[in-house]
Amino acid sequence: MRVLLVQAFTALDMELVYPIGLAYLAAHLDAHEVEIFDLNLHKDQPYQALGRCVEQFSPQVVGISLRNMKVGMPNLHTDDFAPQQATIEFLKERCPGIKIIAGGTAFSLYAEAMMRRVPGIDIGVWGEAEHRLPALLDVLDTPEKVLGVYFRDADGALRFTGPPPSVDFGALAPPRRDLVDHQPYLASSPVSVGIQSKRGCALQCVHCSDVYLVGHNIRMRSAKDVVDELEYMVRDHGVKRVFFCDQIFNIPVRHSIEICKEIVARGVVVEWSAWFNEHRKTLPDELMVWLKAAGCNLLSFSPDHVDDHMLKKLDKNFRHEDMLYTVAIAKKHGMDVEYSFFLNAPGEDTRSLFSILKFLIHARLELGGQLRLFSLLMMQPIRIYPHTRLAEMAVQAGIIDEGHDLIEGQLWNPGHLRHAVSGIQAGASALYQLRERWGRLMGEAR
């Protein structure tokens, strides 16, 4: 069977994102002829390019990955639902009679709402689909035989076949990177090309939807398998920088050190970064030494706040003293750092809001240029995702109505602090633009 896997728009005004999820799916479709098409590579004329692909490949099934839904970042286009819907409608028009199967993180978060709003989706696959998509392709006319699947019965009623079993991530085949040219992504952003060493998150953050999607159980690949893939990417695809797109890279710490040691032992030369947890126990000196030796040159933190009261409200596993430790340990080992924060989170007041600015001033004074200035843009109210404790809190607080499908992005941003939030975001945006303008001027001067 000819299967076309399409990555829908990830975020219209953001950097490209290598379709690693589709590459993993393709690796488990050995019995089929597979192509991958990324709409984000054709933003000027996306549907003309997709039309040519459909005409040339003549797929019998189209799988579409819906990755983002209204990103909500300042100064960025935020409507990802409309173009994703338009893509599905385009495919239904160009491929009449062909089954369209939707999946991806955005679909899984909003599965019922997506199935109801977009009738062009014939079947939806919830969660990790490496085993279930091939099983589904064998029984397309009877999708009720596969767990974790949304479909419409003979009367048009929406059905779900029930929760699927967890995937043994370490036992999966490596992604089919030969199906997607890495070069456009390498030219886009330092974080555009991803690699995964684990799935799952042991943390409990109130706002995060990752646990709903991949669970609390951390499922790891061996360090050997991870570096096999990394070495292949460097050698065969010219990759010079990657981003570990794990939920958290440094939990567990020992697994992170093993990966770094394997990179060093093999002499793989590559720059990389990842998301790191802030608790001092997850950032020991031993890990920092190995990170730097293995090519990691940026610690990306998403602490969301610095105030102890707020961190407790957000159910974080660290406190203010750990945030100060991240600055100290980065300075000690000469590592660049970036932070992202939420503004006006549950329980916020003026004092806690400005504690974020106080922390950033401290970090700037301590780290200088090691603190990435563009991180100031990563300051925004919390997006309320379905299937999270924050969504339950938002209903109780009257911010959203019970049953709101949340496809239209809803933010936790109540009360008198809205004006302060807008002011901080405007200031951060001005700083960023000034930095960009200064960089261009310096480049021209050279």
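Start your tour at helices α9 and α10, where α9 passes α10 in a right-handed crossing. Keep in mind as you click around that this is a predicted model. To find the pair, select residues 223–237 for α9 and residues 253–266 for α10. Their axes come within 9 Å and cross at roughly 50 degrees. That angle makes α9 oblique to α10.

Now show the side chains where these two helices touch. On the α9 side, pick A223, K224, V226, V227, D228, L230 and E231. Across from them, in α10, you'll meet E258, I259, E262, I263 and R266. What classes do the residues of this contact divide into? Colour them and you'll count 6 nonpolar, no polar and 6 charged.

**On to the sheet**

Next, switch to a cartoon view and look for an open sheet of 7 strands with mixed pairing. Walk across it in the order β2-β1-β3-β4-β5-β6-β7. Which strands stand at the edges? Select 33–38 for β2 and 158–160 for β7: each has a single partner strand, so one side of each is left without a neighbour in the sheet. As you step along, neighbouring strands are turned by 20 degrees against each other on average, direction ignored.

Zoom in on β1 (residues 2–7) and β3 (residues 61–65), which run parallel and are joined by 5 bridges. For a spot to centre on, choose L5, which stands opposite G63 in β3.

**Helices over the strands**

Add residues 46–57, helix α2, and you'll see α2 lying across β1 and β2. Its direction is at about 170 degrees to β2. Then add helix α3, residues 81–94, which lies across β3 and β4 (99–103) and runs at about 175 degrees to β3.

Keep α2 and α3 on screen together. Their axes come within 11 Å and cross at roughly 35 degrees, and this crossing is right-handed. To see the contact, display Y47, L50, G51, V54 and E55 from α2 along with P83, A86, T87, F90, L91 and R94 from α3. By class, that contact has 7 nonpolar, 2 polar and 2 charged residues.

**Last stop: rings**

Finally, highlight the aromatic side chains, which form 16 aromatic pairs. Go to F107 and Y150: their ring centres are 6.3 Å apart and their planes sit at 85 degrees, so the pair is edge-to-face. F107 belongs to helix α4 (residues 105–109) and Y150 to strand β6 (residues 149–152), so this pair ties together parts that are 43 residues apart in sequence.

Conventions:
Residues numbered from 1 in each chain as written. Predicted model: local features only at pLDDT ≥ 70, side-chain atom pairs only at ≥ 80, totals over all residues. Heavy atoms only, no water. Axes fitted to C-alpha atoms, helices over the stretch in contact; angles between N-to-C directions. Helix = DSSP H or I, 4+ residues; strand = E, 2+ residues; numbered from the N terminus. Parallel < 35°, antiparallel > 145°, perpendicular 65-115°, else oblique. Left-handed = near helix turned anticlockwise from the far one by under 90°. Contact = heavy atoms within 4.5 Å. Nonpolar A, V, L, I, M, F, W, Y, C, P; charged D, E, K, R; others polar. Pairing = 2+ DSSP bridges. Phe/Tyr/Trp six-rings, centres within 6.5 Å; stacked < 30°, edge-to-face > 60°.
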